Amino acid sequence: YGIYYYTCFASQELEFRATLGDVKPLVNYAYSDQATAINTYWKNLYSIVSRANDVSTKIYDLINSGKLTVSENQELMQMIGECKFLRGFSYFLLTRSFGDKLPSHPAYNSNELGVPILDTLIVSREQLMVPRNTLGECWSVILRDFETAYNLLPTSWSTDKLGAVTKGAAAGWGKYICILKIMSLQRRGLRKVYSAVIREEETIN
């Protein structure tokens with residue numbers, strides 16, 4: 001049940017289907033910053049971010065060593081693609097859950113606060129004690145991670161890696177982020193048009 005509640009608690013679309021005490025506050029919007037489930041959700045996602053950063057750094061070190069074959073480098077670059085996808089997806093969940101508003105929200109402002117963006121291995125709590133990035137910065141990083149993943153991942157895997165993330169998955173999530181951003185841009189454009197019409201009517205009257 002965990003992923004359902006963890007990924008949907010901020011969407012206002014939760015339906016209570018469990019009797020566990022730590023889940024009920026999520027559905028009733030009675031949670032606080034001390035809620036175990038939310039703390040676990042936050043820590044687990046940043047753990048994925050940290051591991052993706054760590055693995056990516058070590059892989060780049062291996063590639064830059066010049067000791068590997070072309071096929072080995074290609075395989076490692078696919079691993080980088082997997083890391084970028086996992087990091088982008090983790091930041092997506094974090095930003096959607098803890099950021100101020102989604103780009104699809106009528107009152108979305110890219111300068112409002114998102115979550116801290118970290119690109120190094122996280123080894124201490126102090127590393128998370130940094131200012132939150134803006135929503136605009138967060139969505140840009142997320143989209144860039146999905147784009148990088150798309151460029152590096154294969155269209156499909158061999159049978160021993162069935163279920164691993166593919167180019168299609170990265171494209172799907174990347175397009176979803178683009179749609180959210182386009183909705184925000186369209187809304188701003190419509191507001192400008194609406195304001196211009198109002199000003200014109202006031203001038204006529």
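**Salt bridges, a lone lysine and a helix pair**

R132 forms a salt bridge with D100, and their closest N and O atoms sit 3.8 Å apart. Both residues belong to the loop between α4 and α5 (135–152), so the pair ties together parts that are 32 residues apart in sequence. At 36% relative accessibility, R132 counts as partly exposed, and D100, with a relative accessible area of 39%, is partly exposed as well. Everything here comes from a predicted model.

The loop between α4 and α5 holds another such pair. E112 forms a salt bridge with K101, with 3.5 Å between the closest N and O atoms. Eleven residues separate E112 and K101, and the pair links distant parts of the chain. Here too the partners are partly exposed: E112 has a relative accessible area of 22%, and K101 comes in at 25%.

A further salt bridge turns up inside a helix. D54 pairs with K58, and the closest N and O atoms are 3.3 Å apart. Both residues lie in helix α3, four residues apart, or about one turn of the helix. D54 counts as buried because its relative accessibility is 19%, with the cut-off for buried being under 20%. The count for the protein comes to five salt bridges.

What about K84, in helix α4 (residues 70–98)? K84 is buried yet has no salt bridge. The nearest side chain of opposite charge belongs to D145, 4.5 Å away, and a salt bridge has to fall within 4 Å, so this pair misses out. Leaving aside residues up to four places away in sequence, K84 touches D145, T148 and A149.

Helix α4, home to K84, also pairs up with helix α3 (residues 36–64): their axes come within 9 Å and cross at roughly 155 degrees. The two helices are therefore roughly antiparallel to each other, the cut-off for that label being over 145 degrees. As for handedness, α3 passes α4 in a left-handed crossing.

Zooming out, the protein has six helices and zero strands, so from the N terminus on the elements simply read α-α-α-α-α-α. Of the 205 residues in the protein, 35% are buried. Among contacts with a separation of 6 or more, 58% are between residues 24 or more positions apart.

Key:
Residues are numbered from 1 along each chain as its sequence is written. This is a predicted model: local features need pLDDT of at least 70, side-chain atom pairs count only at pLDDT 80 or more; totals for chains, interfaces and linings use all residues. Side-chain values use heavy atoms; hydrogens and water are left out. Buried means under 20% relative accessible area, exposed over 50%, partly exposed in between (1.4 Å probe, protein chains only). Lys and Arg count as positive and Asp and Glu as negative; His and the chain ends are not counted. Contact means heavy atoms within 4.5 Å. Axes are lines fitted to C-alpha atoms, for helices over the stretch in contact, and angles run from 0 to 180 degrees between N-to-C directions. Angles under 35 degrees count as roughly parallel, over 145 as roughly antiparallel, 65 to 115 as roughly perpendicular and the rest as oblique. A crossing is left-handed if the near helix is turned anticlockwise from the far one by less than a right angle, and right-handed if clockwise.
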